[in-house]
Amino acid sequence: MQDVLSVVTSLVAGSIRVSIPIAFAALGGTLSERSGIINMGLEGTMLIGAFFGAVGAYYTGSAWLGLLTAMFAGALCGLLHGILTIRFKCEHVLAGVGINVLASGLTVVLLQMIWQTKGKSAEVASFSNITVPGINQVPFLKDILGQVSPLLILLALSVLGVWFLLYRTVFGLRARVIGENPEAAGSMGINVYRTQYICVILCGVLAAIGGAYMSIGDIHMFSRDMVSGRGFIALAVVIFGGWHPVGAWLGSLLFGLAQSLQYRLQTGSIPPQLIQMLPYVATLIVLVFARGGKRRAPAAEGRHYYAKGEQ
Amino acid sequence: MAKSGNSKQGGFAERLSKNNVFLSVVALVLSLIVAGLVMLIAGYSPLEGYSAMFKGAFGSVDNLAQTLGTATPLIFAGLAMAFAARGGMFNIGIEGQIIAGAFPAALVGAYAQGLPWFVHIPLCFLAGMVGGGLWAALAGFLKNKLRVSEVILTIMLNYVAIYLAEYLANYQFKAEGMLVRTENVLPSAVLTPLIPYSRLTGGIFVALFFAVLMWWFLSRTTAGYQIRAIEANPYAAQAGGINIQRMNLVTMFLSGALAGMGGAVEVMGVHGYFITNMTSGYGFDGVAIAVMGRYSPLGTVVSAFIFGALRAGSTSMNRMTNIPGEFIQVLQALVILFVSTPGIVRMFLKKRRQKKEAQN
Amino acid sequence: MYAVEMHGITKQFKNVLANSNVDLMVRQGEIHSLLGENGAGKSTLMNILYGMYAPTDGSIQVFGKPVEIENPLKAIGLGIAMVHQHFMLIEPLTVAENVVLGYEPKKKGCFDFKKAVAQVEALSKQYGLAVDPRERVENLSVGTKQRVEILKALYRQAEILILDEPTAVLTPQEVTDLFRVLRGLKESGKTIIIITHKLKETLELADTVTILRKGEVVTSLPTASVDEAKLAELMVGRIVAFETEKKEVAGEHKVVMALRGATVVKDRRNVLDNVSLEIRSGEILGIAGVEGNGQTELIDVLCGLEKLHGGAILLDGEQLRSKSVTPRAMLEAGVGHIPEDRGKRGYVGSFTIAENIVLGYHRNKAFSKAGLINLKARDEFANKVSQQYDVRMDSIRDTVGSLSGGNQQKVIIGRVFAQDPKVIIAAQPTRGVDIGAIEYIHAELIKMRDAGKAILLISADLEELTKLSDNIAVLYAGRIVDKRKANEYDERTLGALMTGHAAGGEEASKEREAQ
């Protein structure tokens with residue numbers, strides 16, 4: 001009994017931990033898609049976040065400053081995506097693919113430049129877990145949430161923040177309107193572009209935090225292409241989270257579960273390649289069940305809005 | 001004004017194909033310039049880099065053969081992306097389909113004994129087509145069922161294909177030795193190099209033939225007409241009795257089949273067996289190539305040669321100047337971004353014109 | 001005092017001169033009709049006034065002051081509001097949220113929904129525009145949605161209200177209501193401009209009319225000084241024949257296509273509810289109804305684009321198996337389809353005329369052999385049909401997207417009629433086409449009827465419906481609520497039936513009194 005319980009608690013704790021990067025990215029994706037912009041570049045933005053998190057932490061010796069560096073780099077990715085899709089009407093998917101390939105190449109080139117290697121960075125400063133007072137006294141719960149990464153707390157705040165932004169502020173109302181019908185918003189004198197830019201930039205920041213968690217939250221180094229599809233999984237999470245911030249978090253937890261199962265299974269006799277396949281197969285399976293959900297995508301998602309005078 | 005404006009009609013492939021060739025060329029030049037700047041910032045000399053790259057790509061007959069040989073699977077990858085785009089689908093999962101084609105091709109090549117080459121080689125290609133085609137059709141099937149964008153589905157299937165092939169090559173079909181690879185294909189399934197020790201094989205003619213075939217199929221057959229109609233206006237296509245879901249499957253199958261042939265040609269012409277990572281990066285190369293070729297077969301072939309040169313050149317650039325070969329990825333990303341945002345290119349051209357006028 | 005003065009407005013689009021040296025003078029407190037055919041430049045002119053387009057040339061004064069209107073925000077600031085033909089409403093949001101959008105009441109930096117509701121309630125009381133501010137827009141009828149649009153304008157304290165084709169989708173009763181509201185607004189001092197191509201409504205509602213033709217002003221005059229015929233002549237530039245010759249087709253009219261108890265369920269609602277109807281040879285069966293009462297589903301069912309959840313389709317007296325009812329099967333069985341929204345279902349804009357003219361029939365032996373397109377046969381056919389149906393073009397290589405609305409429609413009609421269909425489902429066949437093309441299309445439809453085709457006509461234009469149909473069935477909330485000979489209806493009874501009231505309109509008038 002004790003054994004089963006400890007397995008369960010460590011599984012849950014593990015799920016929560018590994019869901020963090022996907023949750024941040026999915027949260028960003030939700031915000032961006034609600035304003036009508038599909039950010040296929042989440043994958044690349046996470047990679048950039050992971051890399052610059054490590055770079056920042058390496059040069060300053062502080063994980064927090066590393067995080068800040070990552071956020072800034074992520075904001076730039078978001079801005080780039082915004083300029084491409086909003087200003088220049090690039091196909092959203094192609095803008096995303098471009099950013100992903102760019103991130104993948106650029107990080108290796110810079111890795112070589114800074115650390116003279118194409119594989120892994122040096123060890124850098126990373127976040128250490130903090131003890132949550134109160135919870136660390138409660139039996140069982142203390143094994144799950146007694147000691148947490150500060151980024152988990154940041155995640156909880158971000159979920160709350162994005163929810164508040166979307167559903168309680170004027171800005172959020174306008175963003176949702178733009179995601180449904182940008183022409184209507186424009187005709188009401190709302191600055192469609194500015195709202196969308198803010199959303200994609202915030203999306204970039206959030207995705208980059210997710211990436212940074214991988215390099216300086218979970219471990220303490222950057223390694224080449226370490227995001228390995230989590231950004232794409234986050235895109236799927238946006239869908240079955242119903243384009244809702246809380247849904248995005250819950251969806252990510254499901255993935256966390258699949259992945260932490262994967263870590264457990266790795267000790268068994270199942271071939272590692274099949275285990276590594278698990279998160280991606282799980283995404284496909286979950287998408288099967290997400291079908292029939294009541295929520296639908298923002299109506300104007302992926303569409304270009306032409307303001308007055310534009311061709 | 002009129003209720004039925006056609007402004008909202010037209011798919012993404014059509015919008016891009018309206019740009020003229022000139023914009024693609026300028027976009028390529030811009031990408032080379034910006035990538036050069038990145039090189040400069042990273043502390044390398046772009047002049048040295050590019051000249052090493054140029055020499056590596058065109059410097060000798062051997063180099064040229066290397067370029068053309070490298071371009072061969074890229075033509076297939078580009079055609080795969082372009083074909084799907086012509087049918088209104090973003091097939092971002094070409095990498096997985098290349099693998100799904102390469103693996104069965106390698107098995108047929110290794111285990112189908114006693115066949116003359118003129119049967120064995122086509123059979124391997126066929127195995128590649130079927131493998132890649134079915135893998136892509138799986139994405140098409142899931143899209144029809146789930147109504148989820150094919151983009152996410154094909155990407156997820158990429159990862160599944162990578163690990164599945166790695167698993168099979170590591171267990172059931174593992175060849176003797178340290179490497180995770182399949183048995184050598186039989187001599188009757190080897191595409192011999194046209195120029196000794198190069199990657200250039202007769203496969204390139206197969207690739208060119210399929211480019212022509214794709215053009216012919218899209219413009220001359222009823223099925224091609226239907227596929228194009230779906231991209232340009234799915235609602236009208238549906239009202240015209242075209243079964244969109246079925247044609248989506250056909251589109252994806254044929255697109256994947258093209259990708260799968262790219263895998264087969266690599267197995268038979270370059271490696272002689274299936275090995276993990278043998279095709280890494282070909283998928284997104286395919287995206288860049290098709291975009292630069294504006295989804296037309298001819299444009300795709302031309303840009304596949306350019307990318308073949310860049311890839312072949314980047315290997316020798318890495319060797320000669322220590323500039324990491326990953327620069328090619330940066331360049332590739334820039335090409336995708338510049339070609340798909342003609343606005344940036346136009347703005348650049350306008351600025352230059354204004355500058356010239358100011359000078360005069 | 002003029003509320004709006006536009007002088008010498010010219011607007012050049014890429015290839016089109018939409019407005020050429022247009023002057024428009026609108027007095028304060030009047031209802032001004034901007035009359036013209038489709039493509040005459042009315043909407044462009046008003047979009048310029050509303051700041052959506054920048055004019056190529058010309059100047060604007062609002063309440064006597066010269067102004068530059070760079071964007072809608074500026075227009076709103078000047079007291080100008082526009083109610084677009086396609087409502088600019090966000091369906092999943094509430095009425096209150098829609099109304100306050102852009103000028104949201106705030107409390108401590110957050111959106112104050114309660115205050116928004118209160119404000120909208122007050123406003124709707126003040127101007128007699130009954131709506132529930134908490135209702136989601138997606139649940140509202142078209143007429144009510146329009147009220148929300150007007151509320152939006154009033155919330156922004158608009159003094160000048162522009163309405164683009166406001167009656168296009170309304171029932172006669174809703175039109176009466178709208179006119180009452182507009183007159184009320186006029187009395188409270190607002191200036192109203194309506195964009196329209198309808199002569200009757202110009203005469204009934206407006207004080208002054210400005211007529212546009214091909215981007216230029218023909219004249220501007222008080223409505224009291226003209227009649228319908230004169231207006232039509234000014235608008236079209238020639239004398240218009242209003243009547244279409246129509247005699248009953250002799251002989252037996254057998255049922256070619258029929259629905260028995262057809263039911264379609266969407267979102268757990270019966271959008272088509274136990275519909276039975278018969279389409280007979282040599283007859284035009286008209287379907288009257290407010291948009292969104294099941295017309296689209298009816299068309300889609302008959303063309304195989306939508307599956308039935310109950311009931312049956314019969315063709316030549318034989319019941320079709322529900323699995324075999326696909327768009328392709330229906331086309332091959334001889335059911336021709338003129339779609340209600342031609343830009344959506346009718347043509348492929350980037351395809352050539354030749355490619356479009358075989359769409360749906362591209363598999364026919366004449367055009368396709370062993371899966372290959374027979375280019376020569378197709379092009380010959382395209383040339384023949386586009387000549388026969390008077391498609392104005394340079395060549396059959398032109399893309400259909402580059403043609404005018406009327407010519408696009410002729411391509412579609414040619415495509416369908418040239419295949420000698422048994423049944424023709426003609427939905428909104430003259431929507432958005434110019435008067436010349438309307439006359440032509442009407443005549444062609446009558447010709448097909450006289451040739452013994454069975455025709456179903458769905459139209460929002462009651463005049464067209466009563467003029468062309470032999471019988472009319474009224475569709476309301478997915479049901480056929482009434483069916484008679486066309487000449488037994490007048491517009492009032494039709495209107496009452498279309499809004500769910502018994503024939504005679506008694507209940508309808510009672511309800512209005514109660515309001």
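Chain B of this predicted model has 15 helices and zero strands. Its C-alpha trace spans about 70 × 60 × 30 Å along the principal axes. A compact globule of 360 residues would have a radius of gyration near 21 Å, and chain B agrees because its own value is 21 Å. Of the 360 residues of chain B, 62% count as buried. Sequence-distant pairs feature in its contacts: among those between residues at least 6 apart in sequence, 79% join residues at least 24 apart.

**Chain A and its two partners**

Chain A touches both chain B and chain C. The contact with chain B takes 38 residues from chain A and 37 residues from chain B. On the chain A side, helix 4 (92-115), helix 10 (230-240) and helix 12 (272-290) each give two or more residues. Helix 4 of chain A gives the most, with 14 residues. By class, this side has 26 nonpolar, eight polar and four charged residues.

The contact with chain C takes 16 residues from chain A and 19 residues from chain C. Here the chain A elements that give two or more residues are helix 7 (170-180) and helix 8 (182-187). The chain A side divides into six nonpolar, six polar and four charged residues.

**Two domains in chain C**

Chain C is divided into domain 1 (2-236) and domain 2 (255-514). Their C-alpha centres lie 32 Å apart. Domain 1 of chain C gives nine residues to the contact between them, and domain 2 of chain C gives 17 residues. The domain 1 side has four nonpolar, four polar and one charged residues.

The table sets out the class make-up of the three sides described above.

| Side | Nonpolar | Polar | Charged |
|---|---|---|---|
| Chain A, touching chain B | 26 nonpolar residues | eight polar residues | four charged residues |
| Chain A, touching chain C | six nonpolar residues | six polar residues | four charged residues |
| Domain 1 of chain C, touching domain 2 of chain C | four nonpolar residues | four polar residues | one charged residue |

**A buried valine in chain C**

C:Val301 sits in helix 9 (residues 295-302) of chain C. Is C:Val301 buried or exposed? It has 24 C-beta neighbours inside 10 Å, and the cut-off for burial is 20 or more, so C:Val301 counts as buried. Leaving out residues up to four places away in sequence, C:Val301 touches C:Ala262, C:Val264, C:Leu272, C:Glu306 and C:Leu308. One of these partners, C:Val264, is 37 residues from C:Val301 in sequence. The C-alpha atoms of C:Val301 and C:Val264 are 8.5 Å apart in space.

**Nonpolar cores**

The largest nonpolar core has 300 residues. Which of its members touch the most other members? They are A:Ala208, A:Ile209, B:Ile336, C:Leu49 and C:Ile162. Helix 9 (residues 192-218) of chain A gives the most to this core, with 16 residues.

B:Ile336 has contacts in two chains. In chain A it touches A:Leu94, A:Val97, A:Gly98 and A:Val101. In chain B it touches B:Val287, B:Ala288 and B:Val291, again not counting residues up to four places away in sequence.

A second, separate core has 91 residues. Its members include B:Tyr225, C:Met257, C:Ala382 and C:Leu457.

Methods. Residues are numbered from 1 along each chain as its sequence is written. Chains are lettered from A and ligands numbered from 1 in the order in which they are written. This is a predicted model: local features need pLDDT of at least 70, side-chain atom pairs count only at pLDDT 80 or more; totals for chains, interfaces and linings use all residues. Two residues are in contact if their C-beta atoms, placed from the backbone, lie within 7 Å. Helices (H or I, at least four residues) and strands (E, at least two) are DSSP runs, numbered from the N terminus. Ala, Val, Leu, Ile, Met, Phe, Trp, Tyr, Cys and Pro count as nonpolar, Asp, Glu, Lys and Arg as charged, and the others, Gly among them, as polar. The radius of gyration is taken over C-alpha atoms; the globule rule is 2.2 Å times the number of residues to the power 0.38. A residue is buried if 20 or more other C-beta atoms lie within 10 Å of its own, exposed if 12 or fewer, and partly exposed in between; C-beta atoms are placed from the backbone. Domain bounds come from an automatic or database domain assignment. A nonpolar core is a set of buried Ala, Val, Leu, Ile, Met, Phe, Trp, Tyr and Cys residues joined through C-beta atoms within 7 Å.
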